[in-house]
Amino acid sequence: MKNNKNDFETKCVHSGIDEYEFGSVVPPIYQTSTFKFKSAQHGAALFAGEEKGYIYTRMLNPTVEALENSIAELEGGCKGLGCASGMAAVHTVFASLTKCGDHVVCSAAVYGPTTTLLNTILKNYGVETTFVDTSDLNLVRAAVKPNTKVIYVETPGNPTLAVSDIHEISLIAHANGALMVVDNTFMSPALQRPLELGCDIVLHSLTKFLNGHADVVGGIVVVKDEETYGRCRKTLNQIGGVIDPFNSFLVHRGIKTLSLRMQKHCENAMKVAEFLESHPMIKSISYPGLKSHPQFELGLKQHKGPGGMITFELEGGFEAGQLMMNSVKLCQLAVSLGGVESLIQHPASMTHYTMGKEARLAAGISDGLVRLSVGIENAQDIISDLKGALDKVKELQTAEVEHS
Ligand code: LCS
């Protein structure tokens, strides 16, 4: 099975699964904070790293480890580190790879709190960041400095869906002695495997597609080698932002259907994007599966499918956006993404609010942008819901024109 290059579906079902007590087919939930030593000598040997075993759940837990092994295998990495949230994963990576005096190059369009983390906590520790549109390789090259330690890329970026060239950026990073980190949350390993394209560390908000059911907050870091793993594990043990056994169990369960879900997300999102693109109330739309997407060709090379996320700008700006969000019935007005249900939100006032207006606009996140996470419902039902809401926006605009 190891030699079958198309065995991703099989891996989703079986990865990280071991032989368990009583023949349990799924990983048992080891809901314990600590593990008994057989003797004083045994405890000492575990702490000294002379024997393998479990000591304390913040350090390692079998249910968490099963999840870490599963995602490491799906991403084609060496090892994984389960984190309490996506942001805990982002923090663990920067705290592991940078120190005072270092420099980071980061995509301009990333999840808002990642920008804020770099601009506040990391900045206070003496780490400087240059934000650039990483879909433009010349801008990436120009931003790199002798003290650049990390090039951090979200692709597709949240929420603009700009696609950056992972392989080319990994070459730029390595030529400058830096590591490349990719936030793969929007694609999941079912559609994109950045380590295979040359990057060094992949991270995810597990809260999204990997879990897929909007009932867990979690994160993961997957590294390509033991050396990076050691650095990140030490940091995570100290920071303490680990995922717990029950949430690990839930995410591991969600992963069994990852491949199926991602196929349906892509299929539905393509139909929804085509509908939106042809609708007169839509001023612009960004979906990597549409030929109109600026990096459509790169996407064909880099991912197996364009994903479930769409962003669009309505005619009528902010007011029209709010009216649309208040008019949808099936699509839920909520932040987050990647679950089985369709979610809609307004980045400028919600997920990217903390960035501040100037940085937000510079990253291409305009006031009227709407982000849609297309779920796995019937595609026609999603389209009918959006059509109903767009009709209301149109009515408002027609009334305004008549009034003026
Ligand atoms: N990375 C990306 C690309 C994300 O979209 C998010 C969360 C995170 C990291 C952080 O993960 P968390 O700590 O929430 O597990 N994105 C969200 C969003 O767009 N809406 O709400 C959360």
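What is the relative accessible area of Leu-333? The value is 42%, so Leu-333 is partly exposed. Keep that in mind for the first close-up of this predicted model.

**View A. Leu-333 shares a nonpolar surface patch with Val-335 and Met-350.** Zoom in on the surface here and you get three nonpolar residues, Leu-333, Val-335 and Met-350, with about 230 Å² of accessible area together. Leu-333 sits in strand E10, which covers residues 332-333. Its 42% relative accessible area falls between the 20% and 50% cut-offs, and therefore Leu-333 counts as partly exposed. That value also clears the bar for joining a patch, because a patch residue needs over 30%.

**View B. Gln-345 is a buried residue in strand E11.** The strand in question runs over residues 343-345. At 1% relative accessibility, Gln-345 is under the 20% limit and so counts as buried. Leaving aside residues up to four places away in sequence, Gln-345 touches Met-325, Leu-333, Ala-334, Val-335, Met-350, Thr-351, Val-370 and Arg-371. If some of those names ring a bell, Leu-333, Val-335 and Met-350 are the patch residues from View A. For a polar partner, look to Thr-351: the side chains of Gln-345 and Thr-351 make a polar contact at 2.8 Å. If you want a backbone distance too, the C-alpha atoms of Gln-345 and Leu-369 are 9.0 Å apart, with their positions 24 residues apart in sequence.

**View C. Thr-207 is a buried loop residue with polar contacts.** Thr-207 belongs to the loop that connects strand E6 (201-205) to strand E7 (219-223). Where does a relative accessible area of 13% put Thr-207, buried or exposed? It is under 20%, so Thr-207 goes down as buried. Its side chain makes a polar contact with the side chain of Ser-205 at 3.0 Å. A polar atom of the Thr-207 side chain also lies 3.2 Å from the backbone nitrogen of Gly-218. Beyond residues up to four places away in sequence, Thr-207 touches Val-216, Val-217, Gly-218, Ser-336 and Leu-337.

**View D. The ligand is surrounded by 18 residues.** The closest of them are Asp-183, Ser-205, Thr-207, Ser-336 and Arg-371. So which backbone atoms should you check around the ligand oxygens? A polar backbone atom of Gly-86 lies 2.9 Å from an oxygen atom of the ligand, and a polar backbone atom of Met-87 is also 2.9 Å from a ligand oxygen. On the nitrogen side, a ligand nitrogen atom is 2.9 Å from a polar backbone atom of Ser-336. On its own the ligand would expose 480 Å², and the protein buries 93% of that.

**View E. Glu-196 and Arg-193 meet in a salt bridge.** Side chains of opposite charge can pair when their charged atoms come close. In this pair the N to O distance is 3.3 Å. The two partners differ in cover: Glu-196 counts as exposed because its 57% relative accessibility is over 50%, whereas Arg-193, at 17%, counts as buried because it is under 20%. A search of the whole structure turns up 11 salt bridges.

**View F. Asp-367 forms salt bridges with Lys-357 and Arg-360.** For Asp-367 and Lys-357, the closest N and O atoms are 3.5 Å apart. This pair links distant parts of the chain, 10 residues apart: Lys-357 is in helix H13 (357-362), and Asp-367 is in the loop between that helix and strand E12 (369-373). The salt bridge between the side chains of Asp-367 and Arg-360 has an N to O distance of 3.0 Å. Asp-367 is partly exposed at 30% relative accessibility, while Arg-360 is buried at 6%. Elsewhere, Lys-99, Asp-102 and Lys-149 are joined into one network by salt bridges that share partners.

**View G. Asn-119 is a partly exposed residue in helix H5.** The helix spans residues 112-124. With a relative accessible area of 37%, Asn-119 lands between the buried and exposed cut-offs of 20% and 50%, so the label is partly exposed. How far apart are Asn-119 and Met-59, C-alpha to C-alpha? They are 29 Å apart in space and 60 residues apart in sequence.

Definitions and conventions: Residues are numbered from 1 along each chain as its sequence is written. This is a predicted model: local features need pLDDT of at least 70, side-chain atom pairs count only at pLDDT 80 or more; totals for chains, interfaces and linings use all residues. Side-chain values use heavy atoms; hydrogens and water are left out. Patches are made of residues with over 30% relative accessible area and no salt bridge: like charges are joined within 9 Å, nonpolar side chains (Val, Leu, Ile, Met, Phe, Trp, Tyr) within 5 Å. Accessible areas come from the Shrake-Rupley method with a 1.4 Å probe; for residues, only the protein chains shown count as cover. A salt bridge is a side-chain nitrogen of Lys or Arg within 4 Å of a carboxyl oxygen of Asp or Glu. Helices (H or I, at least four residues) and strands (E, at least two) are DSSP runs, numbered from the N terminus. Buried means under 20% relative accessible area, exposed over 50%, partly exposed in between (1.4 Å probe, protein chains only). A polar contact is a pair of N or O atoms within 3.5 Å; within protein, one must be able to donate a hydrogen and the other to accept it, and residues adjacent in sequence count only if both atoms are side-chain atoms. Contact means heavy atoms within 4.5 Å. A residue is near a molecule or strand if one of its heavy atoms lies within 4 Å of it.
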